[in-house]
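Reader: Got a minute to go through this one with me? I'd like to start with the pockets.

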Amino acid sequence: MKEIILIKDGELALKGLNRSSFESMLMKNIKRRIHPFGAFQLKNSQSTITVTPLDENADLDAAADEISRVFGISAYSRAAVSEKDIDKILEIAPEYLKDQLEEAKTFKVEAKRSDKSFPYNSPEISAMVGGKLLESFPHLKVDVKNPDIKVTVEIRDQAYIRGNQLKGAGGMPVGSSGRAMLLISGGIDSPVAAYMMAKRGLELVGIHFASPPYTSPRSEQKVHDLLSKVARYSGRIWLHTVPFTEIQELIREKCPEEYFTIIMRRFMMRIACMLAEKTDCHALITGESVAQVASQTTLALGCTDAVATQPVFRPCIGMDKEEIITISRKIETFDISIQPFEDCCTVFTPKHPKTRPQLKDVEEAEKTLDIEALCQRAVDGIQRIAITSDGVQND
C-alpha cells in the first residue's frame with residue numbers, strides 16, 4: 001500500500017497575486033528540511049502539498065515529524081493512495097485505518113471530490129465508505145458532530161484516504177518576510193521571541209555578546225543549545241558572538257553606575273545594527289517585555305531604541321512571564337534557559353538602576369567613551385558559527 005503525507009498550507013491561501021511565491025518558498029523549506037530522510041517528490045495543487053517517498057528507504061516517520069515544525073503549514077496527515085476506483089477505495093480504507101478505528105468509538109466520513117469526472121458525488125462516496133467501515137468494525141458508531149476519528153477521502157489526481165489531521169506549526173514560511181537579527185542571551189525570553197518571529201516568516205541571524213572571564217564557555221554553550229532548539233522550527237541560524245568585555249569594563253570605569261545597563265544595551269543595539277547591515281538584516285529582534293526589569297521600562301526602551309538604525313521587533317513586549325514560559329516549554333528551551341550560567345547582561349548590574357532615564361542624561365553619561373572605536377573593535381572581533389537542530393557546524 002502506497003503512503004504519502006498531505007500538507008495544508010492554511011494562511012497562504014489568503015494571499016493575493018503573490019501567493020505562488022509564498023507557496024514556492026514553503027515547498028523549498030519542506031524539501032530542504034526532509035532531505036536527510038530520503039528521496040521525496042513534492043507536488044502542490046489546490047492549497048494541498050503531497051509529499052511522496054520515491055523509494056522504500058525514505059523515512060516517512062521522520063519526515064512527518066520534521067514537517068510538524070515547518071512554519072507555513074496549518075495541518076498535515078499521513079494518507080493512503082488509491083486508484084480512482086470506488087472498489088479500490090473500499091478495499092484500502094478499512095485496511096489502512098485499522099489501528100485508528102479499532103481504538104475509536106465513533107467516526108464520520110467526509111469526501112472531497114475535486115475531480116468532478118469521478119462517477120460518484122461526495123455524499124455517495126461518504127455513504128459507501130461509511131458503510132464499509134461499519135461492516136468492518138461493528139463496534140463503531142457514527143457521530144457527525146464530534147467523532148473520535150474523521151475519515152476523509154479526497155478525489156484528486158488519485159484518491160487519498162486519511163484519518164484525523166494533525167495540527168501544523170502555522171505561521172508563514174521562514175524567509176518569506178525577510179531576515180532579522182536576533183539578540184540572543186541565555187535567558188527565557190529571547191528564544192521565545194526568536195520562535196515567534198520565525199513563525200511570522202523571518203529568517204533568523206543571531207548575535208550574542210560574551211564577556212570572558214565574567215561569562216564562561218558554558219554560558220556560550222547554553223546559547224548554542226537554545227538556538228539548536230529554535231532551529232528545529234526556523235532552520236539553520238548563523239550565530240555571531242561579539243567580544244564585549246572591553247566595553248563593559250569601560251562602562252563600569254567611566255560611566256555613572258545607575259546608567260550601566262542602559263548604556264550597555266545601547267552599545268548592543270549599535271553593534272547589532274552594524275552587523276545587520278553586513279548580513280542583509282532589516283530588523284532587530286529582542287525578548288524584552290515591558291516592566292519586566294529596570295532596563296525594560298518605557299523610558300529605558302526609548303533610550304535604547306534611540307541608537308537603533310533598524311526597526312526593533314519585541315514580540316514578547318505585552319506578555320507576562322507565565323505566558324512566555326508556556327511557549328518556552330512548548331519549544332523545549334525552558335530547561336536550558338534556567339541553567340545557572342550567567343550571560344553578559346548580569347555582569348556589573350547596578351544596585352539602583354535608573355528606571356526613568358532621560359535620553360539627554362544617558363547621552364551625557366556615555367560621552368566619556370569612544371563609542372565608534374569601541375563598536376568597531378567589537379565588530380572586528382566577531383566569531384561566526386552555524387547552528388542547526390543537530391548542533392554547531394563550523395563556518
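Reader: Which elements each supply at least two residues of the lining of the second largest pocket?

Author: Those are α1, β11 (203-210), α7, β12 (237-243) and β15 (383-388). Helices here are DSSP runs of H or I with at least four residues, strands are runs of E with at least two, and both are numbered from the N terminus. A pocket is an open set of points on a 1 Å grid over the protein atoms alone, with protein on both sides within 12 Å along at least five of seven lines; a cavity is a set where a 1.4 Å probe fits but cannot get out, and lining residues have an atom within 4 Å of a point.

Reader: And what am I looking at, model-wise?

Author: This is a predicted model, where local features need pLDDT of at least 70 and side-chain atom pairs count only at pLDDT 80 or more, while totals for chains, interfaces and linings use all residues. Residues are numbered from 1 along each chain as its sequence is written, and side-chain values use heavy atoms, with hydrogens and water left out.

Reader: Ok, back to that pocket. How much space lies in the second largest one?

Author: About 580 Å³. It has 25 lining residues, and Arg32, Arg33, Gly235, Arg236 and Thr388 are the closest to its centre. The volume is the space filled by probe spheres set on the grid points, which are joined across faces, edges and corners.

Reader: What's the lining like by class?

Author: Eight nonpolar, nine polar and eight charged residues line the second largest pocket. Nonpolar is Ala, Val, Leu, Ile, Met, Phe, Trp, Tyr, Cys and Pro; charged is Asp, Glu, Lys and Arg; the others, Gly among them, are polar.

Reader: How many cavities of 30 Å³ or more are there?

Author: The count is two. The second largest cavity holds about 40 Å³ of space, and its lining is Asn29, Arg32, Arg33, Val70, Phe71, Val174, Tyr233 and Ser234. Two or more of those residues come from each of α1 (19-34) and α7 (217-234), with α1 giving the most, three residues. By class, that's four nonpolar, two polar and two charged.

Reader: Switching to helix packing. How do α9 and α14 sit against each other?

Author: Helix α9 (residues 260-278) packs on helix α14 (residues 371-380) at an angle of about 55°, with the axes 10 Å apart. Axes are lines fitted to C-alpha atoms, for helices over the stretch in contact, and angles run from 0 to 180 degrees between N-to-C directions. So α9 and α14 are oblique to each other; under 35 degrees counts as roughly parallel, over 145 as roughly antiparallel, 65 to 115 as roughly perpendicular and the rest as oblique.

Reader: Which residues of α9 and α14 make the contact?

Author: From α9 it's Phe267, Arg270, Ile271, Met274 and Lys278, and from α14 it's Ile371, Leu374, Cys375, Gln376, Ala378 and Val379, with contact meaning heavy atoms within 4.5 Å. They divide into eight nonpolar, one polar and two charged.

Reader: What does α8 do with α9?

Author: The axes of helix α8 (residues 245-254) and α9 come within 10 Å and cross at roughly 145°. On the α8 side there are Ile247, Gln248, Ile251 and Arg252, which meet Phe260, Ile263, Met264, Phe267 and Ile271 of α9. That contact has seven nonpolar, one polar and one charged residues.

Reader: Any backbone oddities? Where's the cis peptide bond?

Author: From Pro212 to Pro213, with omega near 5°. Pro213 lies in the loop between β11 and α7. Also, Asp280 has phi near 60°, a positive value in a residue other than glycine, and Asp280 is in the loop between α9 and β13 (284-285).
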